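Trainee: I would like to go through this model one question at a time. Please give the reasoning before each result.

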Amino acid sequence: MTRPLSSAERSIQGRNGWLRDEERKAIESRGEVGRMEFWLRVTRSEITREIRAGRGDVLAAFTLVCRLFKLVLEKRQAGDPRLFDHLMQYADTVLKQHGPRT
């Protein structure tokens, strides 16, 4: 027999369900562009919450992630897809282990 979920666990489960549903709707309406736009909106909201909580280093972190992604795209455009492939593999591994879809 399993124990009932705590309110925090129910809240996380509800949020994860909402994220899955909204992502699905975004894909249905606009495809992969919709998915990307959805995650950018979610990320922007999270960044705003982090700043309000006094954790402004989130701006530097997001800037670094954007610069990394731009570099990876430039390398791929120049004919070297290795960094892109490695980034995609790393991102997939991290999300499978720690992502919001658990």
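**Patch, rings, fold and charges**

Trainee: Which helix gives the most to the nonpolar patch?
Mentor: Helices are DSSP runs of H or I with at least four residues, strands are runs of E with at least two, and both are numbered from the N terminus. Patches take residues with over 30% relative accessible area and no salt bridge, joining like charges within 9 Å and nonpolar side chains (Val, Leu, Ile, Met, Phe, Trp, Tyr) within 5 Å. With three residues, the top contributor to the nonpolar patch is helix H1 (residues 7-52).

Trainee: What pLDDT do local features need in this predicted model?
Mentor: Residues are numbered from 1 along each chain as its sequence is written, and side-chain values use heavy atoms, with hydrogens and water left out. This is a predicted model: totals for chains, interfaces and linings use all residues, side-chain atom pairs count only at pLDDT 80 or more, and local features need pLDDT of at least 70.

Trainee: How much accessible area do the four patch residues Val-33, Met-36, Leu-40 and Phe-62 have together?
Mentor: Accessible areas come from the Shrake-Rupley method with a 1.4 Å probe, and for residues only the protein chains shown count as cover. Val-33, Met-36, Leu-40 and Phe-62 form this nonpolar patch on the surface, and their joint accessible area is about 340 Å².

Trainee: Is Val-33 in helix H1 buried, partly exposed or exposed?
Mentor: Buried means under 20% relative accessible area, exposed means over 50%, and partly exposed lies in between (1.4 Å probe, protein chains only). Val-33 has 39% relative accessibility, so its class is partly exposed.

Trainee: How many aromatic pairs does the structure hold, and what kind is the pair of Trp-18 and Phe-38?
Mentor: Rings of Phe, Tyr and Trp (its six-membered ring) pair if their centres lie within 6.5 Å, with planes under 30 degrees apart counted as stacked, over 60 as edge-to-face and the rest as tilted. The structure holds two such pairs. In Trp-18 and Phe-38 the ring centres are 6.1 Å apart and the planes stand at 55 degrees, so the pair is tilted.

Trainee: What kind of pair do Phe-38 and Trp-39 make?
Mentor: Phe-38 is buried, at 3% relative accessible area. Its ring and that of Trp-39 have centres 5.0 Å apart and planes at 70 degrees, so the pair is edge-to-face.

Trainee: Which residues do the ring pairs link into a cluster?
Mentor: Trp-18 is partly exposed, at 40% relative accessibility, and Trp-39 is also partly exposed, at 23%. The ring pairs form a cluster of Trp-18, Phe-38 and Trp-39.

Trainee: How far is the charged end of Arg-76 from the centre of the Phe-84 ring?
Mentor: A charge sits over a ring if NZ of Lys or CZ of Arg is within 6 Å of the ring centre and within 35 degrees of the ring normal. The charged end of Arg-76 sits over the ring of Phe-84, and its distance from the centre is 3.9 Å.

Trainee: What is the radius of gyration of the protein?
Mentor: The protein has three helices and zero strands, in the order α-α-α. The globule rule, 2.2 Å times the number of residues to the power 0.38 with the radius taken over C-alpha atoms, gives 13 Å for 102 residues. The protein is well over that and so more spread out than a compact globule, with a radius of gyration of 17 Å.

Trainee: What share of the 102 residues is buried?
Mentor: The C-alpha atoms fill a box of roughly 55 × 35 × 30 Å along the principal axes. Of the 102 residues, the buried share is 13%.

Trainee: Which residues are linked with Glu-46 in a network of salt bridges?
Mentor: A salt bridge is a side-chain nitrogen of Lys or Arg within 4 Å of a carboxyl oxygen of Asp or Glu, and the whole structure has eleven. Glu-46 meets Arg-15 at 3.2 Å, N to O, and Arg-49 at 2.6 Å between the closest N and O atoms. Glu-46 and Arg-49 lie three residues apart in helix H1, about one turn. The residues linked with Glu-46 in the network are Arg-15 and Arg-49.

Trainee: Which residue meets Arg-35 in a salt bridge?
Mentor: Arg-35 is partly exposed at 27% relative accessibility, whereas its partner is buried at 7%. The N to O distance is 3.4 Å, and the partner is Glu-23.
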